[in-house]
Amino acid sequence: MSLISHGPAWAALQAHWSDIDRLRMRDLFDDDPERCARFSLEACGLHVDYSKNLITAETMRLLMALAREADLDSWRNRLLRGDKVNNTEGRAVLHMALRNLGNRRYEEDGEEVMPGIRSVLSRMRAFSDDVRHGRWLGHTGRRISDVVSIGIGGSSLGPKMACEALRPYQRNDLRVHFVSNIDAAHLMQTLDGLDPATTLFVIASKTFTTQETITNAESARAWCLDALHDEAAIARHFVAVSTNRDAVAAFGIDPHNMFEFWDWVGGRYSLWSAIGLPIALAVGMDRFEELLAGAHDMDEHFVEAAPEHNMPIVLALLGIWYNNFGGSDTQAIIPYDQNLQYLPTYLQQVDMESNGKRVTRDGDAVDYATGPVIWGQPGTDAQHSFFQLIHQGTRLIPTDFILPLASHHDLGGHHDKLVANCLAQAQALMRGRTADEARAELEAGDVDAGRIAELVAHRVFPGNRPSNMIVVDRVTPRVLGALIALYEHKVFVQGVVWGVDSFDQWGVELGKQLAGNILADFRRITCSPGVDSSTASLIRRYRMAIDE
């Protein structure tokens, strides 16, 4: 397969950037009062205003041609059919089936997957209802007050993000916590103040062998038994989300309390599966299914909407526009909602683990940039940390603003100020401030004439900094589901255009393998053959520290 960069659509976009780069966004708005209407989309409870991008109608036409050249329609159909689009691992990718609340048929190797999915959802409902209504009791007969989810990567990031985003829907008498880091501080500080007799652990690991997860689980097990003094307590205080029934049983968890999922569920797409059990425990199964419904809405939009009206396709192509033709290698995601504080972190995994690849599906080295660096934090905090660089720095950093029009907390004046700040940041990034405007402002402020000449350059904002405004009425479970699925599909589209396998993550594996070797070297007199001098020196330093 030839690289997409060698095709005519790519060449046309390269030439077009040279034309566009001379335009000013503020002029595009001044010349076209309908610009916002022409570059906005509405679907699934989301309004996307992408008019503050350095684009024209011709730009979008050329980007759509690039998607066609990459055969996007065919790849989308393969995804839906259950083809093994994760080619390096020989797996189908069917996370859309997990939130399929319609009549669409999903198959793996010719076998329909929906019956198994519905069975697990039914078991999740029964269990979460029992815990939330006090029918599932701990070993001593007391009601569960705290749930601790132990996992890592996709088994933790997604549920943690969703639980925090849906905090307004949680109850005060059932608290959900997450432990992922193998650093003992994470586990012990989480358990500090909890009562083993009223704590339920959810151990999330597909293989039930993940080093970080099982180490934390074993320590949690010891903490529980140290207080309850009875091996039988494990069956009442631990449940598992896994595919390894034997390992789960050996741990002491009743296999009836194991919630299964499947090989075609990738870790970073797994919150829709039984991995989302902590979400159901936190907000109830009805709201978990509303989350699924929102994602299903976006799935259907992605499948059915024409490319030029398709939110994931439009946002994906805009990202490619800056990443590959504008020289941008980073993307900021700024939610103006404190409860979405973990969304940028979650999207780091969805995006960077998916498209952080240097070879195509066929193993050919690419000669263009692939996945960007994803980062961000909630506004207005972001305005006082890194927005200086976005406004006046030397890098082009496209920004997604996520703005709820209504807050779950009606505290007088707060939300007005939050929304005003969000809109102002996007406007400032787009318009900037010219030298003449800076000079006039200084003169109006009665600044000494001598100082004005010195200060003007510091008060100039170049503008032309692109952003998308993603607006929702309020962050509800259904809206959150649609928002997450929007980014999932965006990442898929970009992977198709770049020709990479967006569903494997071999870059994660090498470090794991070497960590196992180094762990063994801690107990050896000399390091294993082939260990470099730097690593060997650090191993010796660690041995000395633990021997003291």
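In this predicted model, strand β10, residues 330-335, is largely enclosed by the rest of the structure, because six of its six residues are buried. The burial concerns both sides of the strand: T330, A332 and I334 point one way, Q331, I333 and P335 point the other way, and all of them are buried. Strand β10 runs parallel to β11, and three bridges join the two. Within this pairing, T330 of β10 has V373 of β11 as its bridge partner.

Strand β11 spans residues 373-375, and the loop that lies between β11 and helix α17 (387-392) contains T380. The peptide bond leading from G379 to T380 is cis, and its omega is near 15 degrees.

A second covered strand is β13, which comprises residues 467-472; six of its six residues are buried. On one side of β13 lie S467, M469 and V471, and on the other N468, I470 and V472; both faces are covered, as all of these residues are buried. Strand β13 pairs with β12 (residues 399-404) in the parallel sense, over six bridges. One position of this pairing is given by D400, whose bridge partner in β13 is N468. Strand β13 also pairs with β2 (residues 46-49), here in the antiparallel sense and over four bridges. In that pairing, H47 stands opposite V471 of β13. Both senses of pairing thus occur at β13, parallel with β12 and antiparallel with β2. In general, the strands of a sheet pair through backbone hydrogen bonds, and the arrangement is either parallel or antiparallel.

The loop between helix α20 (449-459) and β13 holds N464. Although N464 is not a glycine, its phi is positive, at about 60 degrees. The relative accessible area of N464 is 11%, and the residue therefore counts as buried, the limit being under 20%.

A positive phi is also found at D71, again a residue other than glycine, with a value near 65 degrees. D71 is located in the loop between helices α4 (57-69) and α5 (72-81). With a relative accessible area of 36%, D71 is partly exposed, whereas N464 is buried.

Another part of the chain forms an open sheet of five strands with parallel pairing, in the order β6-β5-β7-β8-β9. Its edge strands are β6 (175-179) and β9 (258-259), each of which pairs on one side only. Inside this order, β5 (residues 146-150) and β7 (residues 199-204) run parallel and are joined by five bridges. S149 stands opposite V202 of β7.

Among the helices, α6 covers residues 95-98 and includes H95. H95 has a relative accessible area of 4% and is buried. When neighbours within four places in sequence are left aside, the residues in contact with H95 are W264, Y269, E488 and F503.

Taken over its whole length, the protein chain contains 23 helices and 13 strands. Its radius of gyration is 26 Å, close to the 24 Å given by the globule rule for 548 residues, so the chain is as compact as a globular protein of that length. Along the principal axes, the C-alpha atoms fill a box of roughly 80 × 60 × 55 Å. Buried residues make up 52% of the 548 residues. Of the contacts between residues at least 6 apart in sequence, 75% join residues that are at least 24 apart.

The accessible surface of the protein chain amounts to about 23800 Å², and carbon and sulfur atoms account for 49% of this area. The chain carries 53 positive and 72 negative charges, and the mean positions of the two sets are 1 Å apart.

Key: Residues numbered from 1 in each chain as written. Predicted model: local features only at pLDDT ≥ 70, side-chain atom pairs only at ≥ 80, totals over all residues. Heavy atoms only, no water. Rg over C-alpha atoms; globule rule 2.2 N^0.38 Å. Buried < 20%, exposed > 50% of the residue type's maximum accessible area, 1.4 Å probe, protein only. Contact = heavy atoms within 4.5 Å. Areas by Shrake-Rupley, 256 points an atom, 1.4 Å probe, with all protein chains shown as cover. Lys, Arg positive; Asp, Glu negative; His and termini not counted. Charge placed at Lys NZ, Arg CZ, Asp CG, Glu CD. Pairing = 2+ DSSP bridges.
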